[in-house]
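This report looks at one short part of a protein chain, and then at the chain as a whole and its main pocket. Please keep the sequence and the structure in view while reading.

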Amino acid sequence: MRRWNNFSDIDHYQRFAALLPREFQISFKMMKIILCFCAVVSCCVAVRYDGYQTWRVQPRDSNEIEWLNSLKDRLVDKLDFWQNSGRLDRPVDVMVPPTALSYMKEALMSRGLSYDVMIADVQALSDSQIKHDVTTSAMSFNYNVYHTYDEIQQWVFDFTTEHNSIVEQFQIATSFEGRAINAIKMGSTGLNKPAIYWQGGIHAREWISPATVMYIAKMLAEGYGSDSTVTRMLDTFDIYIVPLLNADGYVYTWTNDRLWRKTRSKFGVQVCVGTDPNRNYDYQWAGQGASSGKCQDTYHGPFAHSEPEIASTTSYLLERAQRQKFVSFIDFHAYSQLFLSPWSYSQFAALPVESADHNTASVKTVNALKSLYGTEYTYGPSARTLYAASGCSVDWGFGVLGAKYSYVIELRDTGRYGFLLPASQIEESGLETFEAMKAFGEHLLSEFA
């Protein structure tokens, strides 16, 4: 959506031009010039969503799911499906531009499908999220607003300085566009400790993810020495935290397109930019739930680990795994309020033998999260609970890194705001997810301490 979507690459445009009457044909060279010019112009103009709405539709049978999926494929350049249609027990959330509101209403009515307007004006809600005061140090850092890439990177250094007895800073990767992807390691001094890995911001538009990850780090640092569970966690484990993985995409959401999802990579002559980094992992890559179309939001990339953000972080973790045993890998996303375990690549794959232990830990985690504000999370194997998606982090963390407790967390909410969760909910998200991670940590301590 909002990009070149009718064809997947330049070759498709060339084939299309050959079908035109001679008087309308232009050379392929000229076509590339025109397309490149359009791409340059589009890069300089921020995408706006004035009058766009998000609707919620609840399919009632498999035929309606199939119809919604066909609508998604046919109108890929007009509609943005925030939640995919694949299960009768889950609604479909779709963002509709003002030019398609009447069409969508009539199309749904023709099928006897009703809808609820979740967001009446996407741009107005988006505008409300980027007004904040810049802070200059970890001590004065405002955890209750969304922060830019530069502010998050500065937080890494300031946070490390403020809590230097238990926090170390390091650069884990460099983005496609050359941005530093900084990380921290939290834990007291010790050799060959078991390790935990958390990452946020793999999908650019999911701003609540890095905000929540930083909030949890804050609570861990403040709780060390006073909270017995936190102290045991940091004395027993090294916790590696990447608050913002998809740096280029995240910057782009602040400057050009608030709802951009992918990276900003380019390979050769390519009209559409970016790869879905959470379809780029080298585990069941390019399978179900990942697209070969370069303009699709779930494009898996030209090859596994084509994205430097993924290649570098996985290489780092595998190198560390030669000296430390990784017992957990968690990827923080939004939205839907889910706690998902392997497998993600197929709903038909036999579950791991560790699945019962995954569920035991999940129950403790979601119950602890609920205890604070009553927020309900669903747990279970990813593909069976949500939808199949191959080349994902949760499967790589379990199947390659060997972290027994590998999960993806889909944070708040369930669709009222979707990817545009108000900053007023950052604190509650941070606090309840911290409680969840404490309960999860207690489970890890009972098994690995």
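## Helix α8 and its surroundings

In this predicted model, helix α8 spans residues 228–236, and its buried residues are Thr229, Val230, Thr231, Met233, Leu234 and Thr236. These buried residues pack against two strands, β6 (180–186) and β8 (238–242), and against two helices, α7 (208–223) and α14 (426–448).

Which atoms come together at the start of α8? There, the backbone nitrogen of Thr229 has a side-chain oxygen of Asp227 within 3.0 Å, and Thr229 is also one of the buried residues of the helix.

## The chain as a whole

The protein chain contains 14 helices and 12 strands, and 59% of its 449 residues count as buried. When contacts between residues at least 6 apart in sequence are considered, 76% of them join residues at least 24 apart.

The accessible surface of the chain comes to about 18,100 Å², and carbon and sulfur atoms account for 52% of that surface.

## The largest pocket

The largest pocket has a volume of about 980 Å³. It is lined by 47 residues, of which Lys72, Asn84, Arg279, Thr298 and Tyr387 are the closest to its centre. By type, the lining divides into 19 nonpolar, 17 polar and 11 charged residues.

Several elements each supply at least two residues of this lining, namely the helices α3 (62–74) and α12 (382–385) and the strands β2 (80–83), β9 (326–334) and β12 (405–411). Strand β2 gives the most, with four residues.

Terms used
Residues numbered from 1 in each chain as written. Predicted model: local features only at pLDDT ≥ 70, side-chain atom pairs only at ≥ 80, totals over all residues. Heavy atoms only, no water. Buried < 20%, exposed > 50% of the residue type's maximum accessible area, 1.4 Å probe, protein only. Contact = heavy atoms within 4.5 Å. Polar contact = N/O pair within 3.5 Å; in protein donor to acceptor, adjacent residues only side chain to side chain. Areas by Shrake-Rupley, 256 points an atom, 1.4 Å probe, with all protein chains shown as cover. 1 Å grid on protein atoms, 1.4 Å probe; cavity = no way out; pocket = protein on both sides within 12 Å on 5 of 7 lines; lining within 4 Å. Points joined across faces, edges and corners; volume = space filled by probe spheres on them. Nonpolar A, V, L, I, M, F, W, Y, C, P; charged D, E, K, R; others polar.
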